[in-house]
Amino acid sequence: MIIQSIDYAAVAPALIVAVAAVALLLGDAFDVPRRVLGWASCGALAAALVAVIALAAGGGRRATFCVPGGLRGDGPPSCSYVADHFTLLFQGVVLAAGVVVVLLSLDEITRAKMPAGEYHFLLLAATVGALTLVAARDLVLLVVALETLSLPVFALVGLRRYDGAATEAALKLFLVSVISAAVMLFGVSLLYGATGAMHLDRLAPALARLPADLEPVAAAGVVLVLAGFAFKVAAVPFHFWAPDVYQGAPLPVAAFLSVVSKAAGFAGLAIVLALGLPAYGHVWGPLAALLAAVTMTLGNLMALRQRTAIRLLAWSSVAQSGYMLAPLAVGDHRLPEAVAATTAYVALYAVMNMGAFAVVVAVQRRGPHSRWDTLDDFRGLARSSPAVAAALAFFLICLAGLPPGVMGLFAKVVVFRAALAGGVTWLAVVMAVNTVIGLYYYLVWAVRLFTAPPAGARPPVPDTGVPVRAAIAAAAAGAVVLSAAPQLVLQTVSSVT
């Protein structure tokens with residue numbers, strides 16, 4: 001029998017958020033005011049972020065839930081949970097985005113008449129799943145963490161219990177989550193059956209020396225695991241749930257799906273491919289290239305047709321998934337550089353997209369159908385609130401990859417360079433074409449902010465509440481810092497990988 005010791009410092013960020021989730025649910029049962037619950041939720045995420053910063057300052061790699069390695073138990077241990085630089089970077093992104101989501105939710109909970117305790121409990125529970133996913137180093141913990149992230153989110157989407165659109169969106173997301181979990185579990189079972197290994201550091205060498213008669217089984221497992229993650233990150237053809245779910249969900253929850261869930265999904269995918277499946281790069285590399293090309297193309301073409309802000313952001317998010325997948329198309333050739341490029345893009349995208357969602361939340365109408373706001377409803381925003389209009393224009397320019405949003409341009413250059421260095425030249429050409437398409441719809445929206453509203457119409461008046469202003473300011477500050485020194489991101493990511 002193996003008695004495992006637990007490194008509580010390593011799991012501190014996830015542990016803090018988990019304890020806070022239970023405490024907030026109990027607080028709601030004792031009629032704690034919803035505003036207090038909201039600020040407590042924000043404080044818990046901030047405390048977890050401080051724990052991440054402290055771990056990063058410590059500089060060392062911490063691991064827990066380990067088992068002895070080797071046939072006699074005398075080899076290096078294999079650990080299920082690892083808090084290395086890669087983990088801490090993604091945990092920092094998840095927690096910072098979570099703080100912004102909570103700030104955006106404080107007024108939305110009251111306006112949409114959602115139960116505050118349940119909302120914050122589900123949000124923090126999903127965040128625990130994301131924090132654990134980026135630290136997982138065995139297939140079982142990866143699957144459990146992924147479902148811990150996914151299942152609370154569909155409940156969040158449907159928390160407006162008397163909204164038919166929200167109920168429909170929640171049902172779609174639930175069905176997709178169940179299907180993707182089944183697909184991934186089947187793939188994991190095939191990999192375990194072929195290798196007898198669950199820890200990624202044991203799976204990789206086992207696949208490298210696999211007998212020829214088991215190679216088709218392992219290849220099928222690799223494809224199914226990739227398909228399971230493709231569902232989670234809304235890659236085509238597994239994307240069909242995203243636009244309707246984003247539109248039916250409360251806007252802060254849509255922001256959570258677009259940033260936190262996507263970032264955690266790509267972190268898990270990078271972990272599995274880089275640490276567990278490098279020997280089968282010839283299988284998943286071409287598939288990733290095909291998924292990336294189709295995803296960015298369809299996402300951008302569909303975004304061109306959208307007339308509402310939330311659906312444009314939804315299809316834009318699908319297209320961005322294609323850019324994030326592109327570096328992984330190199331397979332096992334220059335894989336560390338590819339993972340670094342994907343990580344950098346995800347980190348930069350999180351700041352840009354969260355900022356855009358924050359402004360959309362601020363600008364939404366107070367009526368019952370505010371989530372259907374069209375792009376024309378943003379006309380004249382610069383007249384009623386120049387600062388908010390400038391912030392949204394800056395976020396859109398960053399997403400488009402134009403100056404002064406240098407961080408967006410830098411993100412795309414990093415991805416282009418990784419694709420070219422890996423020899424996937426045709427994919428770089430597809431990315432170039434899609435970047436031009438993306439420029440159009442981002443700029444069309446940005447121009448509307450500074451044009452006069454239709455005759456007889458008033459310019460939109462954004463929410464001036466402190467939480468929403470704080471969320472926009474936080475996202476804008478992060479975007480400005482990264483635009484001023486984008487190379488810092490690549491240096492950090494390079495040290496991670």
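Contact here means heavy atoms within 4.5 Å. With that in hand, let us walk through this predicted model, starting with pairs of helices that lie against each other.

**Helix pairs**

Two packed helices are described by the angle between their axes and the distance between the axes. Here are the values for three pairs.

| Helix pair | Angle between axes | Distance between axes |
|---|---|---|
| H4 (residues 116-133) and H5 | about 155 degrees | 8 Å |
| H8 and H10 | about 165 degrees | 9 Å |
| H12 (residues 309-325) and H13 (residues 335-363) | about 175 degrees | 11 Å |

Let us take H12 and H13 to begin with. The angle between H12 and H13 is about 175 degrees, so H12 is roughly antiparallel to H13. On the H12 side, the residues that meet H13 are Ala309, Ile310, Leu313, Ser317, Gln320, Tyr323 and Met324. Their partners in H13 are Thr342, Tyr345, Val346, Tyr349, Asn353, Ala356, Phe357 and Val360. Sorted by class, this contact holds 11 nonpolar and 4 polar residues, with no charged ones.

Next come H4 and H5. Their axes are 8 Å apart and make an angle of about 155 degrees; the two helices are therefore roughly antiparallel to each other. The crossing of H4 past H5 is left-handed. H4 contributes Tyr119, Leu122, Leu123, Ala125, Ala126, Gly129, Ala130, Thr132 and Leu133 to the contact. From H5, the residues taking part include Leu141, Leu142, Ala145, Leu146, Pro152 and Val153. In the contact of H4 with H5 there are 16 nonpolar residues, 3 polar and no charged.

For H8 and H10, the angle is about 165 degrees, so H8 is roughly antiparallel to H10. H8 also passes H10 in a left-handed crossing. Val225, Leu226 and Phe229 of H8 make the contact with Gly265, Gly268, Leu269 and Val272 of H10. These residues divide into 5 nonpolar and 2 polar, and none is charged.

**Cavities inside the model**

How many cavities of 30 Å³ or more are there? The count comes to 5. The largest cavity has a volume of about 140 Å³. It is lined by 14 residues, and those closest to its centre are Ser150, Leu173, Ser177, Lys232 and Ser261.

Which helices supply at least two residues each of this lining? They are H5 (139-157), H6 (164-195), H8 (215-232) and H10 (251-276). H5, H8 and H10 have already appeared above as members of packed pairs. By class, the lining of the largest cavity consists of 8 nonpolar, 5 polar and 1 charged residues.

**Two backbone details**

Most residues other than glycine have a negative phi, and most peptide bonds are trans. Two places in this model are worth a look with that in mind.

One is the peptide bond from Val236 to Pro237, which is cis, with omega near 5 degrees. To find Pro237, look in the loop between H8 and helix H9 (242-248).

The other is Phe65, a residue other than glycine with a positive phi, near 55 degrees. Phe65 sits in strand E1, which covers residues 62-69.

Technical notes:
Residues numbered from 1 in each chain as written. Predicted model: local features only at pLDDT ≥ 70, side-chain atom pairs only at ≥ 80, totals over all residues. Heavy atoms only, no water. 1 Å grid on protein atoms, 1.4 Å probe; cavity = no way out; pocket = protein on both sides within 12 Å on 5 of 7 lines; lining within 4 Å. Points joined across faces, edges and corners; volume = space filled by probe spheres on them. Helix = DSSP H or I, 4+ residues; strand = E, 2+ residues; numbered from the N terminus. Nonpolar A, V, L, I, M, F, W, Y, C, P; charged D, E, K, R; others polar. Axes fitted to C-alpha atoms, helices over the stretch in contact; angles between N-to-C directions. Parallel < 35°, antiparallel > 145°, perpendicular 65-115°, else oblique. Left-handed = near helix turned anticlockwise from the far one by under 90°.
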